[in-house]
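Here is my note on the model you sent round. Please read it with the structure open.

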Amino acid sequence: MAALVRAAGRALLGCAAPLLRAQRSLSSGSAALCGPVRPGLPVPLSSPLAGLTRPIRIREPKKRKQVDRWTEKRALFGVYDNVGILGGFQLHPKQLIVGPTWLRGWQGNELQRCIRKKKMVGNRMFMEDYHKLNKRIRYLYKRFNRTGKHR
């Protein structure tokens, strides 16, 4: 049975081989899609004569985005870098940051931020806010220990 199937397959492929060769011939419609001829090679890779069944479409590179160079964030970038030089190193740039004291010049995730807030201003918080902060810390502690790449 298997020999019969193999023989039928060979017969079908034998009939289809001229069709595959005919598809690889150069036609006038697909010549525009081919890339430029590269020196040293007989035909370009995108040509149907290179052995591929279909020509490769060569795409142009994407257009560059127009960027506004004078947004507020870009215009004020590095504005406090010279505070130490001009101020005699009396003032650190993180002291110029406006915001809560437990966040000035500090970086971390939400759990670290909540723990830092509890340590720095926990004794001055209202009971309800302190309770909500503790609940948030417990929830985040469980979540961070169960999931994520920091385990």
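1. Lys142. I begin at the surface of this predicted model. Lys142 counts as partly exposed, because its relative accessibility is 46%. The residue sits in helix 5. It is also one of the residues of a positive surface patch.

2. The positive patch. Which residues form the positive patch? They are Lys118, Lys135, Arg138, Lys142 and Arg146. Helix 5 covers residues 127–146 and gives the most to this patch, with 4 residues. Patch members must have over 30% relative accessible area and no salt bridge. Lys142, at 46%, is over that cut-off.

3. Overall fold. The protein chain has 5 helices and 0 strands. Read along the sequence, the pattern is α-α-α-α-α. Please keep the helix numbers at hand for the points below.

4. Burial and surface. How much of the protein chain is buried? Buried residues make up 13% of its 151 residues. The protein chain exposes about 13700 Å². Carbon and sulfur atoms supply 59% of that area.

5. Contacts along the sequence. Take the contacts in the protein chain with a separation of 6 or more. Residues 24 or more positions apart account for 23% of them.

6. Salt bridge between helices. The structure holds 2 salt bridges. In one of them, Arg136 pairs with Glu110, and the closest N and O atoms are 2.9 Å apart. Why does this pair tie together parts that are 26 residues apart in sequence? Arg136 lies in helix 5, whereas Glu110 lies in helix 4 (residues 110–121), so the bridge links the two. Arg136 is partly exposed, with a relative accessible area of 31%. Glu110 is partly exposed too, at 27%.

7. Salt bridge within a helix. Lys132 and Glu128 also meet through their side chains in a salt bridge, at 3.5 Å from N to O. Both residues lie in helix 5. They are 4 residues apart, which is about one turn of the helix. Are the two partners buried or exposed? Lys132 has 48% relative accessibility, so this residue counts as partly exposed. Glu128 reaches 53% and therefore counts as exposed. The cut-off for exposed is over 50%.

8. The nonpolar patch. Leu76, Val79 and Tyr80 make a nonpolar surface patch of about 290 Å². Where is Tyr80 placed? Tyr80 is in the loop between helix 2 (72–75) and helix 3 (83–86). Its relative accessible area is 47%, so Tyr80 is partly exposed.

9. Pro100. This residue belongs to the loop between helix 3 and helix 4. Pro100 counts as partly exposed because its relative accessibility is 35%. How many residues separate Pro100 from Lys117 in sequence? The two are 17 residues apart in sequence. In space, their C-alpha atoms are 9.2 Å apart.

10. Points to carry away. Helix 5 appears in several of the items above. It gives 4 residues to the positive patch. It holds both Lys132 and Glu128. It also carries Arg136, the partner of Glu110 in helix 4. When you look at the model again, start with Lys142 in helix 5, then turn to the patch made by Leu76, Val79 and Tyr80.

Terms used. Residues numbered from 1 in each chain as written. Predicted model: local features only at pLDDT ≥ 70, side-chain atom pairs only at ≥ 80, totals over all residues. Heavy atoms only, no water. Patch = residues over 30% accessible without salt bridge, like charges linked within 9 Å, V, L, I, M, F, W, Y side chains within 5 Å. Areas by Shrake-Rupley, 256 points an atom, 1.4 Å probe, with all protein chains shown as cover. Salt bridge = Lys/Arg side-chain N within 4 Å of Asp/Glu carboxyl O. Lys, Arg positive; Asp, Glu negative; His and termini not counted. Charge placed at Lys NZ, Arg CZ, Asp CG, Glu CD. Buried < 20%, exposed > 50% of the residue type's maximum accessible area, 1.4 Å probe, protein only. Contact = heavy atoms within 4.5 Å.
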